[in-house]
Amino acid sequence: MGEFEKKRIVVKVGTSTLTHAATGKSNIARIHKLVSVLSDLHNMGHEVILVSSGAIGIGWGKLGLRGKPTLARERQAAAAVGQGELMFMYDQMFSEYGVVVSQLLFTTDALKHEDGKQHLTDTFNQLIEFGAIPIVNENDSVSVEELFNGDNDRLSAYVAALTEADLLIMLTDTDGLYDANPAKDPAARLIETVDAITPEIEAAAGGAGKKGTGGFVTKIQAAKIATAAGIPVVIMNGQKPTNIYRVIDGENIGTKFLATE
């Protein structure tokens with residue numbers, strides 16, 4: 001067995017992975033499995049940062065309201081309720097494995113100023129040095145951009161670049177990027193490796209000009225940010241969090257975007 005190589009890994013998990021599609025409520029079994037895998041990686045000696053969506057969905061469910069929120073103020077209010085519940089759940093689950101977690105809420109505006117970036121970098125590094133796992137989310141109660149256009153995809157890439165991570169893993173509800181829509185084209189094939197994000201790759205993701213909320217367009221945008229910073233990106237299905245082990249071992253799972261720097 002070769003010598004252990006410590007890695008700093010950013011894992012981004014979206015609402016589709018954290019909740020049941022039929023009800024919008026928390027998928028407790030899957031969240032627990034994800035927490036167990038991340039705790040195990042932490043115990044191995046890897047440095048783990050979790051970028052987690054889900055506050056709006058959890059908040060909306062806890063408020064007992066029907067239908068998904070559409071207005072910005074509704075989503076912001078749901079996020080304010082759900083963020084506390086989300087962190088409470090993570091704190092409980094990680095505590096079962098003896099792992100300390102911390103909450104970091106900020107907007108991308110904080111990254112536009114060198115002082116803000118440096119303060120964030122120092123905080124991330126100190127938390128990791130203390131042995132904690134930082135859990136990051138967009139501060140949805142004061143920012144609206146990610147509410148409609150990102151689902152934390154780009155934020156995870158900025159975090160990976162800011163912390164000089166070795167790998168960004170993005171968990172989603174598909175197996176990766178296909179050359180066509182697999183729901184409409186049975187001949188669609190999974191693209192296992194992307195050397196460069198070309199217009200063709202952007203077209204496969206739905207077109208560079210379209211806006212998504214946690215869709216593949218924003219994941220491609222995130223991959224551009226991270227790979228340009230020298231960080232490879234893996235987009236994979238979040239249904240089986242144990243596949244994260246296989247990714248770290250170098251297996252081809254999902255779609256891997258190679259670093260361009």
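This report describes the fold, the sheet, the nonpolar cores and one loop residue of a predicted model.

## Overall form

The chain folds into 10 helices and eight strands. Its radius of gyration is 17 Å, close to the 18 Å given by the globule rule for 261 residues, so the chain is as compact as a globular protein of that length. The C-alpha trace spans about 45 × 40 × 40 Å along its principal axes.

Buried residues account for 49% of the 261 residues. Among contacts with a separation of 6 or more, 73% join residues 24 or more positions apart.

## The sheet and its edges

Eight strands form an open sheet with mixed pairing, in the order S3-S4-S2-S1-S5-S7-S8-S6. S3 and strand S6 (193-194) are the edge strands; each has a single partner strand, so one side of each is left without a neighbour in the sheet.

At the S6 edge, the pairing with strand S8 (residues 255-257) is parallel and runs over two bridges. Val 194 has Phe 257 as its bridge partner in S8. Helix H9 packs on the sheet, where it touches strand S1 (8-13), S5, S7 and S8. The direction of H9 makes about 150° with that of S7.

## Strand S4 and its partners

At the other edge, strand S3 (residues 100-106) pairs with strand S4 (residues 132-138) in the parallel sense over seven bridges. Val 100 is opposite Ala 132 of S4. Together with helix H5 (residues 114-129), S3 and S4 make a right-handed β-α-β unit. S4 also pairs with S2, again in the parallel sense, over two bridges. Here Leu 50 has Ile 135 of S4 as its bridge partner.

Seven of the seven residues of S4 are buried, so the strand is largely enclosed by the rest of the structure. Both of its faces are covered. One side carries Ala 132, Pro 134, Val 136 and Glu 138, and the other carries Ile 133, Ile 135 and Asn 137. The buried set thus includes Glu 138 and Asn 137 as well as residues such as Val 136 and Ile 133.

## Nonpolar cores

The largest nonpolar core has 34 residues, of which Val 136, Val 159, Leu 168 and Phe 257 touch the most other members. At least two residues of this core come from each of strand S2 (47-52), S3, H5, S4, helix H7 (153-162), strand S5 (167-172), helix H9 (216-228) and strand S7 (233-237). Apart from this core lies another, of 32 residues, including Ile 9, Leu 50, Ile 58 and Ile 248.

Val 159 illustrates the contacts in more detail. Leaving aside residues up to four places away in sequence, Val 159 touches Val 10, Ile 49, Val 51, Phe 106, Phe 124 and Val 136. Val 136 is itself one of the residues with the most contacts to other members of the largest core, and belongs to the buried residues of S4.

## A loop residue with positive phi

Glu 164 lies in the loop between H7 and S5. The phi angle of Glu 164 is near 55°, a positive value in a residue other than glycine. Most residues other than glycine have a negative phi. With a relative accessibility of 66%, above the 50% cut-off, Glu 164 counts as exposed.

How values were computed
Residues are numbered from 1 along each chain as its sequence is written. This is a predicted model: local features need pLDDT of at least 70, side-chain atom pairs count only at pLDDT 80 or more; totals for chains, interfaces and linings use all residues. Side-chain values use heavy atoms; hydrogens and water are left out. Two strands pair if DSSP finds at least two bridges between them. Helices (H or I, at least four residues) and strands (E, at least two) are DSSP runs, numbered from the N terminus. A crossover is right-handed if, with the strands pointing away from the viewer, the path from the first strand over the helix to the second runs clockwise. A nonpolar core is a set of buried Ala, Val, Leu, Ile, Met, Phe, Trp, Tyr and Cys residues joined through side-chain atoms within 4.5 Å. Buried means under 20% relative accessible area, exposed over 50%, partly exposed in between (1.4 Å probe, protein chains only). Contact means heavy atoms within 4.5 Å. Axes are lines fitted to C-alpha atoms, for helices over the stretch in contact, and angles run from 0 to 180 degrees between N-to-C directions. The radius of gyration is taken over C-alpha atoms; the globule rule is 2.2 Å times the number of residues to the power 0.38.
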